[in-house]
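Me: Please go through the packing and the strand pairing of this model with me, one question at a time.

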Amino acid sequence: MGHILKGQVRYTLAVEDVVQQGEIPSDLQGIITQALSFTGNASATFDENIDADSTVYTVAAEKPDGTTSGITYAISGTNASDFTINANTGAITIDASPNFEATPSYSITVSANHVDFDAVTREVTLAVNNLDEVAPTIT
């Protein structure tokens, strides 16, 4: 009998009818060691002056079996108030048109949640591309 900690809850696992002493049946191995995992990059870049409500990043995670059903997403952190996230799709939109001269980059924390797994978090950096906003004068 062993103890497994998941978040703040303590589970007791009793395995019977094991072929070899100490061996964990293959159908239970994943329960003990597997977790949600993020896919894709932990950063993105977008142009300044894009429209408010433009999608600038999409967070994605998967369960140990590679599926995504039932996973929901949230954001927090330093600049989270500048963005909105679709909890079901992970699409993150910027709330106001970005200006490189005012804020050249943003830092947020994204989390992926599922009822069967502990939540996972990732730090994400969103960089703003500086565009030439003054057209050159030709004389």
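Me: Are phenylalanine 83 and tyrosine 106 buried or exposed?
Reply: The model is predicted, so local features need pLDDT of at least 70 and side-chain atom pairs count only at pLDDT 80 or more, while totals for chains, interfaces and linings use all residues. Residues are numbered from 1 along each chain as its sequence is written, and side-chain values use heavy atoms, with hydrogens and water left out. A residue counts as buried under 20% relative accessible area, as exposed over 50% and as partly exposed in between, with a 1.4 Å probe and protein chains only. On that scale, phenylalanine 83 and tyrosine 106 are both buried.

Me: What is the arrangement of the rings of phenylalanine 46 and tyrosine 106?
Reply: The structure contains two aromatic pairs. In the pair of phenylalanine 46 and tyrosine 106, the centres are 6.5 Å apart and the planes make an angle of 20°. Rings of Phe, Tyr and Trp (its six-membered ring) pair if their centres lie within 6.5 Å, and planes under 30 degrees apart count as stacked, over 60 as edge-to-face and the rest as tilted. The pair is therefore classed as stacked.

Me: How many residues apart in sequence are the parts that this pair of phenylalanine 46 and tyrosine 106 ties together?
Reply: Strands (E, at least two residues) and helices (H or I, at least four) are DSSP runs numbered from the N terminus. Phenylalanine 46 belongs to strand β4, residues 43–47, and tyrosine 106 to strand β10, residues 105–114, so the pair ties together parts whose separation in residues is 60.

Me: Which class does the pair of phenylalanine 83 and tyrosine 106 fall into?
Reply: The ring centres of phenylalanine 83 and tyrosine 106 lie 5.1 Å apart, with the planes at 85°, so the pair is edge-to-face. Distant parts of the chain are linked here too, 23 residues apart: tyrosine 106 is in β10 and phenylalanine 83 in strand β8, residues 83–85. Ring pairs link Phe46, Phe83 and Tyr106 into a cluster. The class asked for is edge-to-face.

Me: Which element gives the most residues to the largest nonpolar core?
Reply: A nonpolar core is a set of buried Ala, Val, Leu, Ile, Met, Phe, Trp, Tyr and Cys residues joined through side-chain atoms within 4.5 Å. The largest has 25 residues, and Phe83, Ile92 and Leu126 have the most contacts inside it. Two or more residues come from each of β4, β5 (55–58), β7 (72–76), β8, β9 (91–94), β10 and β11 (117–129). With five residues, the element that gives the most is β11.

Me: Which residues of the aromatic cluster does leucine 126 touch?
Reply: Leaving aside residues up to four places away in sequence, the residues that leucine 126 touches (contact means heavy atoms within 4.5 Å) include Ala44, Val56, Pro104 and Ile108. The cluster is made of Phe46, Phe83 and Tyr106. Leucine 126 touches Phe46, Phe83 and Tyr106.

Me: What is the strand order of the open sheet?
Reply: Two strands pair if DSSP finds at least two bridges between them. β4 and β11 run parallel, joined by five bridges, whereas β10 and β11 run antiparallel with nine. β7 and β10 are also antiparallel, over five bridges. The pairing in this sheet of four strands is mixed, and the order is β4-β11-β10-β7.

Me: Which strands of that sheet have one side left without a neighbour?
Reply: The sheet has the order β4-β11-β10-β7. A single partner strand is found for each edge strand, so one side lacks a neighbour in the sheet for both β4 and β7.

Me: Which residue stands opposite tyrosine 73 in β10?
Reply: Side chains alternate along β7: Tyr73 and Ile75 point to one face and are buried, while Thr72, Ala74 and Ser76 point to the other and are not. Threonine 72 stands opposite asparagine 113 in β10. Opposite tyrosine 73 stands alanine 112.

Me: Which residue in β11 is the bridge partner of isoleucine 108?
Reply: A hairpin through two residues joins β10 to β11. Serine 107 stands opposite threonine 125 in β11. For isoleucine 108 the bridge partner is valine 124.

Me: How many of the ten residues of β10 are buried?
Reply: Over the 139 residues of the chain, the buried share is 26%. β10 is largely enclosed by the rest of the structure, because its buried residues number seven.
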